[in-house]
Amino acid sequence: MLTEILSDQQLIDLYNEGGYLISVDYPKQEIKFHTIDCMLADPISTVGVKPSKAKESQCGEVWYSKERDEVLDKADKIVKEKGYTLEICAICDR
Ligand SMILES: [Zn+2]
């Protein structure tokens, strides 16, 4: 099921579930696709995805699903609606 992630804690709690996420960056008009265990998706890391901050500052959104296709469908929709660029993370792409 596709779920919007609204806080860092919610993302941390899902870590052991496995799955995939996209991080949408409004200012950069960019979407990044990661596996949930990617270091660049870890909210605890300084370089990681930060759903709480994105939500508070209204500069982005994060979507999660256990199904890769569901997350990519959501990304595809945003690409078509807003013209954002989708980037598959080079570190966790598999
Ligand atoms: Zn990644």
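1. Ser52 and its surroundings. In this predicted model, Ser52 is placed in helix H2. Leaving aside residues up to four places away in sequence, Ser52 touches Leu6, Ser7 and Asp8. With respect to one of the zinc donors, Ser52 and Cys89 are separated by 37 residues in sequence, and their C-alpha atoms lie 21 Å apart in space.

2. Ser7, a contact of Ser52. Ser7 is located in the loop between E1 and helix H1 (8-14). Its contacts are Pro51 and Ser52, when residues up to four places away in sequence are not counted. Ser7 has a relative accessibility of 24%, and because buried residues fall under 20% and exposed ones over 50%, Ser7 counts as partly exposed. A further distance concerns helix H3: Ser7 and Leu72 are 65 residues apart along the chain, and 21 Å separates their C-alpha atoms.

3. The zinc site. Which protein atoms serve as donors of the zinc ion? They are ND1 of His34 and the SG atoms of Cys38, Cys89 and Cys92, at 2.2 to 2.4 Å from the ion. The angles subtended by the four donor atoms run from 98 to 118°, which makes the arrangement tetrahedral. For reference, the ideal angle for four tetrahedral donors is 109.5 degrees.

4. The zinc donors along the chain. The donors follow the spacing H-x3-C-x50-C-x2-C. Cys38 belongs to the loop between strand E3 (30-35) and helix H2 (51-56), whereas Cys92 belongs to the segment after strand E5 (85-88); the pair therefore ties together parts that are 54 residues apart in sequence. Both Cys38 and Cys92 are buried.

5. The sheet. The five strands form an open sheet in the order E1-E4-E2-E3-E5, and their pairing is mixed. The edge positions are taken by strand E1 (3-5) and E5; each has a single partner strand, so one side of each lacks a neighbour in the sheet. From one strand to the next, the twist averages 25°.

6. Strand E3 and its two partners. E3 pairs with E5 in the parallel sense, over four bridges. Within this pairing, Phe33 has Ile88 of E5 as its bridge partner. E2 and E3, by contrast, run antiparallel and are joined by six bridges. In that pairing, Asp25 stands opposite Glu30 in E3. As for its surroundings, E3 has five of its six residues buried, so this strand is largely enclosed by the rest of the structure.

7. Helix H3 against the sheet. Helix H3 (residues 68-82) packs on the sheet, where it touches strand E2 (20-25), E3, strand E4 (60-65) and E5. The direction of helix H3 makes about 20° with that of E2.

8. The aromatic pair. The model holds one aromatic pair. How are the rings of Tyr20 and Phe33 arranged, stacked or edge-to-face? Their centres are 5.8 Å apart and their planes meet at 15°, so the pair is stacked. The cut-off behind this assignment is that planes under 30 degrees apart count as stacked. The pair links distant parts of the chain, with Tyr20 in strand E2 and Phe33 in strand E3, 13 residues apart. Tyr20 and Phe33 are both buried.

9. The turn between E2 and E3. These two strands form a hairpin with four residues between them. Gln29 lies in the loop between E2 and E3. Its phi is positive, at about 50°, although Gln29 is not a glycine. With a relative accessible area of 43%, Gln29 is partly exposed.

10. A second positive phi. Gln58 also is not a glycine and has a positive phi of about 50°. Where is Gln58 found? Its place is the loop between H2 and E4. The relative accessibility of Gln58 is 65%, and this residue therefore counts as exposed.

Conventions: Residues are numbered from 1 along each chain as its sequence is written. This is a predicted model: local features need pLDDT of at least 70, side-chain atom pairs count only at pLDDT 80 or more; totals for chains, interfaces and linings use all residues. Side-chain values use heavy atoms; hydrogens and water are left out. Donors are N, O and S atoms within 2.8 Å of the metal (3.2 Å for Na, K and Ca); water is not among the atoms, so sites may look incomplete. Four donors count as tetrahedral if all angles lie between 85 and 135 degrees; four count as square planar and six as octahedral if opposite donors are over 155 degrees apart and all others between 65 and 115; anything else is irregular. Buried means under 20% relative accessible area, exposed over 50%, partly exposed in between (1.4 Å probe, protein chains only). Two strands pair if DSSP finds at least two bridges between them. Axes are lines fitted to C-alpha atoms, for helices over the stretch in contact, and angles run from 0 to 180 degrees between N-to-C directions. Contact means heavy atoms within 4.5 Å. Rings of Phe, Tyr and Trp (its six-membered ring) pair if their centres lie within 6.5 Å; planes under 30 degrees apart count as stacked, over 60 as edge-to-face and the rest as tilted.
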